[in-house]
Each structure stands twice: as C-alpha cells, then as structure tokens.
Amino acid sequence: MYKVAVMMSTYNGEKYVAEQIESILGQRDVEVELFIRDDGSSDATESILKEFAEKNANVHYNIKQNVGSAVSFMDLLYSVSSEYDFYAFADQDDVWLEDKLYNAVLMLKEADAFLYASNQECTDKEMNSIGLRYSDDDKIHLQPFEIMQRNMLAGCTMVLSREFFKLLKEDSRRPSYALLKLRMHDVWVAFIAALYGKLIYDKRSFIKYRLHENNVVGAKPKGAIFNFKMRMKKLFHKEQRNGRSRLAADAMACFPEAAKKFREVEDCGDGRSFKGKRKILKHAKAIRKISGENKVSFFFKVMFGLY
C-alpha cells in the first residue's frame, strides 16, 4: 500500500476543517499521514487540530506565525520528510471522496509523471453541488507559457511524486519569498512540472470544492470592482507587481536546465527594464489569447511594470 503525505495549511478554519480532516483520514487503499501547518489562526482551529492529533497517530500539526497561504504551503512542503511515496496538498474547507488519492496515484504511476491535478466539483457552503468547475469543452492550460498567464490547476487537487517532491525541496530550487507573496504555491508547482513535461490532468473530480464567503484562496466570484482594486493595488505597491515575470525569472534561476528550453518563458523573465518589456510585448498576442486581457490595457500593464 502506497504511503501518501498530505500537507494542509489552515487559517481560521473552525467551521469546516474537521469535516475535511475526516475525509482525508477516510481515504481508501493508501496509507495517509496528515501534516498541518496553522498559519496563525485566531479562532478555535488550534483546539480542533489538537483533538484530531490526540486521537490519530497519523495527524501532526504545528502552530506558526501568519505568512500567507502560498508561503505557508511551501514551508510545509520543505518541512515534511522524503520517505513517502506520494505527496498531496489539501485545503481546509473541502471534502474529499474516499478514492481521491488512490485514483491520483494510479494515474501518476501509469504516466510516470511528476504532478497530477484534477477537476473540481464546486458546492455551496452546505455541500450542495453547483457543478464541475471545468466542462469537457474547456481547454485546460498545461503548457508552461499557458500556466504562466493563467493557472487553471488547483493545489487542493494536486498529488506529487516523490521524485518531484524531492526536486522542489532542494535549497537551490526554492522560489523567492517575493514571488510567493504574488503567486500561489500551486502556480509554482504546476509551472515547474510543466517545464519538465510531466504534468497530467484528470477531467474527473474526486473533491467537493466548497465555495463560501471566507475562502482564503480559490475560485471566488471576482467581478469588475475586484479587478479594479487589484490593479490599483499593483499600481501603488511595487511589491505587488511583476507576478508573471517574476515567475519566469525564478524558474530560470531555480530550474535553468528545464526553463531554457522555452524561449517565450525566458523572454518574459524581466518585466522591469525597457529591454525586458519589449521582449514581453513581442509575445503580447499569444499572452492575451490565454489571459483574455485587452490589447490596450495589456500594453500599459507591461509598460508600467505590472506584468
């Protein structure tokens, strides 16, 4: 039976975290070890985690300072040992079907892949189904250049091979703190797996993905007002800029042997210098086809150093 280390970051998750932990511990045909990093919760999350850990020898938790979801997940990845066969990320408020991990393991073994990701069944906060996040007609982005513009793969569905996990853990392979404050951990993980061409996607769903008003990350309705606020935030706060170009630059620094095979990725690694902006604009049409950005707004986004 394969051993799977599940890595969960929690933050003020008292409403739903117990139900999620139960579903993780109930996985069939795999041996699960659950590692939880609490990102500075101020509610009853800690007491819930403590109770599970006291009753289950395969549940481990640590209470840490608040660093944000992406940094929290990667910190957790770096702290878990490399003794397990596979590794999975878990959000605090979903519910997993009992064969989620087993099906992922089967596909990873068959494809000899680094990373598995799947569709999601979206639900309301009461777990009433809303439908699949992506239909059969949706084109799922699996190429590095596509993921850099718009990542469609959710971390809560991801399962990693041991080989890939060990690669990500190496000191010289770790992304910068600045990048993780801009892009989520699942973007980095999916992007690197895609650079190696070892990423597989399952159009089926084995997860009930709960949508509610307190989602930390994920598929939340955004709208024009949200998008405007995000643009203003980037415009007036330098540390919020250059998410995509920083992703490319960090990949070039950490995984040069894989990233340099993709010229368009290399070209997009500098969003600050004039020369770098010209290289990005060379790929403007291809980028906008993926991201859906307007031609004029994209031009100004690049020229103002927001790419």
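## Working through a predicted model

F300 is partly exposed, with a relative accessible area of 44%. Keep in mind that this is a predicted model. Grab the structure and let's work through some exercises.

### Exercise 1: a greasy spot

Find the nonpolar surface patch that includes F300, and say which residues form it.

*Solution.* Start with the place of F300: this residue sits in helix 15, which runs over residues 295-303. Next, check that F300 can belong to a patch at all. Patch residues need over 30% relative accessible area, and F300 has 44%, so F300 clears that bar. Now collect the partners: V296, F299 and F304 join F300 in a nonpolar patch on the surface. Taken together, the four have about 400 Å² of accessible area.

### Exercise 2: two helix pairs

Work out how helix 1 runs relative to helix 2, then do the job again for helix 13 and helix 15.

*Solution.* Two numbers are needed here, as packed helices are described by the angle between their axes and the distance between the axes.

Step one is the pair of helix 1 (residues 17-25) and helix 2 (residues 45-55), with axes that come within 10 Å and cross at roughly 25°. Angles under 35 degrees count as roughly parallel, so helix 1 is roughly parallel to helix 2. As for handedness, helix 1 passes helix 2 in a right-handed crossing.

Step two takes helix 13 (residues 274-282) against helix 15, where the axes come within 9 Å and the crossing is at roughly 155°. The cut-off for roughly antiparallel is over 145 degrees, which means helix 13 is roughly antiparallel to helix 15. The crossing of helix 13 past helix 15 is right-handed.

### Exercise 3: charge pairs

How many salt bridges does the structure hold? Take K3–E83, D39–R37 and D171–R174 among them, and sort their residues by burial.

*Solution.* The count is 18 salt bridges. The background is simple: side chains of opposite charge can pair when their charged atoms come close.

Begin with K3 and E83, whose closest N and O atoms are 4.0 Å apart. This pair links distant parts of the chain, with the two positions 80 residues apart: K3 is in strand 1 (residues 2-10), and E83 is in the loop between helix 3 (69-79) and strand 4 (86-90). On burial, K3 is partly exposed at 26% relative accessible area, and E83 is also partly exposed, at 44%.

Move on to D39 and R37, which meet through their side chains in a salt bridge with an N to O distance of 2.9 Å. Both residues are buried. Don't stop at the pair, though: R37 and D39 are linked with D75 in a network of salt bridges.

Last come D171 and R174, joined by a salt bridge at 3.5 Å, N to O. D171 is exposed, with 66% relative accessibility, while R174 is partly exposed at 29%.

### Exercise 4: positive phi

Place D29 and M127 in the fold, give the phi of each, and decide whether each is buried, partly exposed or exposed.

*Solution.* Most residues other than glycine have a negative phi. D29 has a phi near 65°, a positive value in a residue other than glycine. Its loop lies between helix 1 and strand 2 (30-39). With a relative accessible area of 37%, D29 is partly exposed.

M127 gets the same treatment. Phi is near 70° for M127, again positive without being a glycine. The loop holding M127 lies between strand 6 (115-123) and strand 7 (129-132). Buried means under 20% relative accessible area, so M127 at 16% counts as buried.

### Exercise 5: sequence versus space

Compare separation along the sequence with C-alpha distance for G292 and R150, and for L76 and L281.

*Solution.* G292 lies in the loop between helix 14 (284-291) and helix 15, and counts as exposed at 61% relative accessibility. From G292 to R150 there are 142 residues in sequence, but in space the C-alpha atoms are 9.4 Å apart.

L76 is in helix 3 and is buried, with a relative accessible area of 5%. L76 and L281 are 205 residues apart in sequence, and 37 Å separates their C-alpha atoms.

Methods:
Residues numbered from 1 in each chain as written. Heavy atoms only, no water. Patch = residues over 30% accessible without salt bridge, like charges linked within 9 Å, V, L, I, M, F, W, Y side chains within 5 Å. Areas by Shrake-Rupley, 256 points an atom, 1.4 Å probe, with all protein chains shown as cover. Helix = DSSP H or I, 4+ residues; strand = E, 2+ residues; numbered from the N terminus. Buried < 20%, exposed > 50% of the residue type's maximum accessible area, 1.4 Å probe, protein only. Axes fitted to C-alpha atoms, helices over the stretch in contact; angles between N-to-C directions. Parallel < 35°, antiparallel > 145°, perpendicular 65-115°, else oblique. Left-handed = near helix turned anticlockwise from the far one by under 90°.
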